[in-house]
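Here are a few warm-up exercises to work through with the model open. Try each task before you read its solution.

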Amino acid sequence: MTILNESGIPDVLPPLHAVNGLAQRLPGALVIVAGTRAEAHLVRSLSPALPDPRVTFAVLDPDDPPQQGQLAGLAVEAAGRGTELVLLVCGRTASSLGVDAAFEARLAARKLDLPVGAVDSDAPYPTPGVLSTDLEDRVLAALVGLCPKRRTSELVEAASQAKRGGLFGLRGRGREEATGQGRPVVLLGAALSPGSVAGLVAELARTGVEVSGAVPDVGGAGLPPVGEGTVVGVLDPNLGTAADASRDRGARVVRTLLPIGVDGTARFLQDVAAEAGAGSSEVVRARSVWEELGALRNRVRGKRIFFAGDTGFEVPLARFLADAGAVVLEVGAPRLDRRFLSEELQTLGPGVDVVVSPDWRGQLQRIEAARPDVVVASPGLYAPLVARGHLCRPPRDFVRAGLHGYEGARRVLELLAKTFDRAEALDALSL
Amino acid sequence: MRLLGGVYEGPGSHGILRLAASMRGVHAVLRAGPGEGYFPALYSGRERDGRPAPVTLSPLHEGRRESYAPGDLPRDLSGVARRHPGVEAVILARSEAALLSGEAVPEFPAPGADGGGPAPITCDWQTPGMGETEAAELALEDLVRAHAGAKLERTQYPTVNLFGPPVFGPGAGAEYDEAERLLNLVGVEVNARVPLGATVEDLRRLPRAWASVLLYREVGESATLFLQDEHGIGRVTTPMIGAAGTGAALRAVGEACELDPRFVDRTVWSELSRTSKLPWYARLERPEAFAGRRAAVFGDFTYPLGLGYALAREVGLDVAACGTYLVHLERDFLFHAQTFTEGGFVEDDPQKVAGRIEAVRPGLIVGTELEAPIAEALDVPLLPLCYPAGDRPFVERPLMGYGGSSILADRLDEALG
């Protein structure tokens, strides 16, 4: 594995594009995007034709900067009866015009008597660069901040009660193998991957670990307590800030592989179980899953894949697909948090090149030169690459399909197999 | 500060980028935050022509000054020509975040002073809060000013410049095609299409035309006024929408190009009998089909005015409300709208627009994609014919000219049943 820094301009969809998707994922949430016309236009342009009515824009007038407390007043005005949570998303323009998002959120929370989270969509990361999924990270960090905070002893009690209540309706499966779990486990992430959390909860239950909740919550279960002693399993590679927010609350963030791909899931389950005090081995299960996936692996074996995506999921996906027998030509990483992804990077195969801050023109040239079998391409490169005769797949498709856990590994391989099948069917046509 | 459910127009930088992406050989440098470069994705998804958007991001606050990482604006601007060999003009667009940061626009030597290409067009008139249409208009004027050749003789045969809509405009390419087809029928050739598909060479020879035909006034106004003032090129500003508007525009072109008016009339009649179906539609339907039926029209400038006039005068609907979101063209719009409706209004808040439309209880809404919720709530048909329109057809259909009037007749027939 080699890491190169190209210091270029990668093609990255702005993180704010995800506002609508996140609002749909958080029922009861009202999202207020504060900024100028630019932010409102960005969100509207990159959203479906009929955007979610729970997303609203506080459009600031640059000639008449808002007074302190005005945004909180608007939040109170916008919050309807069904609102359970308010998220104030403020970016660079809002802070240039003097909006103190944290203060406005506190004020609005007091006035509304509801949890209000402040999300700074443009706060810089320790490593330079932007990922299209950064807003997810910020929103999840804000949600972690809104989780109830209790001491370990209370948390353990709550977890044992939750066990009796049967979280996610999966009580039965975990019960017989429960091995005296010591700490409550919270899963963090998979906001835009439906079904991922439920699958992982089931897998953890099989290993004897009851999950006390997930952030964002699933099925209206509410945000779980996160505090001292809580074991947090991070599911996505882009959640550096959310993981830090959990750590700041005293939670133990498990340093392991992400539950993407077979080996990643096995390591994740094993390490989370160990951290929660319920040791188990996943070697046998992982081996059987690899065997089950044999036919699908044959479809990707030897295929040359170029990752030019913008989501941050490319690194674990490349790790999995390389393990499954594909040839990974290059992994573009618009931002690479080496500290957070250290386990992932250590596990990447020796033949994989990671290019940090790739220049989109350079990527186009390298793709032209290498002629890969499939390119995982960001939205700006998608049409130009298809026009040049390349087979492409947007990285968002993998995320939406739900790429976590053993079932997620199957879905990833199926998605690629479908892509190849479709291309072959089209190529076979005589036009 | 206002609470809005959406916006009709993007920021000024978006207008400049739309203009640059419309043309060939023009490259835009977007000075913006690292997470603001959404134009390539938008272009790729909307246009679907496989061309990478001619935009380079110069990220704000991210350039590590000791290295050659992007972020140094003067270096990024000068690097564009080097990295893109075909680029003949570079234009700078600054996002609202960049404008609010107070960063100064770098100065460049006069064109040709350093032996290099032309200096970048810096659009130093950009201010926070400026809308995309106004910025596109001013940027087009700057481009025309910078490149229009001096002391060029006009062409030997009559030619006109077509100033139409930029990229993302609904059916933009088809509008130019239809206008050019009609102009060719009356014996006038097109000297240049601006901005869609125009090259810098096209801009250089703009002063050779006999007249400028302004199809889309929102973007071409200042540039055609410049050509009129500096090069004495007359303007035809009648919107080519509906059969009456198209006929009036063709006659005005005939006058500007010193054509035989009888020949122009013969062409108009021939087109009315063969191509234009809107007058036929109006005559074939029973008068009761339209009388008393209210319509609300909302959009940019040319389309709501042209469509409003055609619906009111040619079809016979009662245009009870006709509005624009282009606040900077308020007086102009209201002046023209009063010729066919008493319900002219200017509003850029989608909710208030919905309120205005709801108040007149229309049976048909002609508008933008942002009128979809109110059309659904009122359960009336919506024709999203004005920018911003959500559909992105592979085959574009015009609304201008006689061909466009027939398409309008089809859409009306479908909507009114």
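**Exercise 1.** Find what share of the residues of chain A count as buried.

*Solution.* Keep in mind that this is a predicted model. Start with the cut-off: a residue is buried when its relative accessible area is under 20%. Apply that to the 431 residues of chain A, and 59% of them pass. Then turn to the outside: chain A exposes about 16,200 Å², with carbon and sulfur atoms supplying 50% of that area.

**Exercise 2.** Work out whether the radius of gyration of chain A agrees with that of a compact globule or departs from it.

*Solution.* First, get the expected value: for 431 residues, a compact globule should come out near 22 Å. Next, look up chain A, which has 22 Å, so the two agree. For the overall dimensions, the C-alpha atoms sit in a box of roughly 60 × 60 × 40 Å along the principal axes. Now check the contacts: among those in chain A with a separation of 6 or more, 74% join residues 24 or more positions apart. As for secondary structure, chain A has 19 helices and 14 strands.

**Exercise 3.** Describe the contact between chain A and chain B: how many residues does each chain bring?

*Solution.* Count each side: chain B puts in 53 residues and chain A 47 residues. Then take the area: about 4,100 Å² is buried between the two chains, and carbon and sulfur atoms give 63% of it. Finally, pick out the top contributors on the chain B side: B:M1, B:L3 and B:Y38 lose the most area to chain A, together 20% of what that side buries.

How values were computed: Residues numbered from 1 in each chain as written. Chains lettered and ligands numbered in written order. Predicted model: local features only at pLDDT ≥ 70, side-chain atom pairs only at ≥ 80, totals over all residues. Heavy atoms only, no water. Helix = DSSP H or I, 4+ residues; strand = E, 2+ residues; numbered from the N terminus. Rg over C-alpha atoms; globule rule 2.2 N^0.38 Å. Buried < 20%, exposed > 50% of the residue type's maximum accessible area, 1.4 Å probe, protein only. Contact = heavy atoms within 4.5 Å. Areas by Shrake-Rupley, 256 points an atom, 1.4 Å probe, with all protein chains shown as cover. Buried area = accessible area lost by both parts, 1.4 Å probe.
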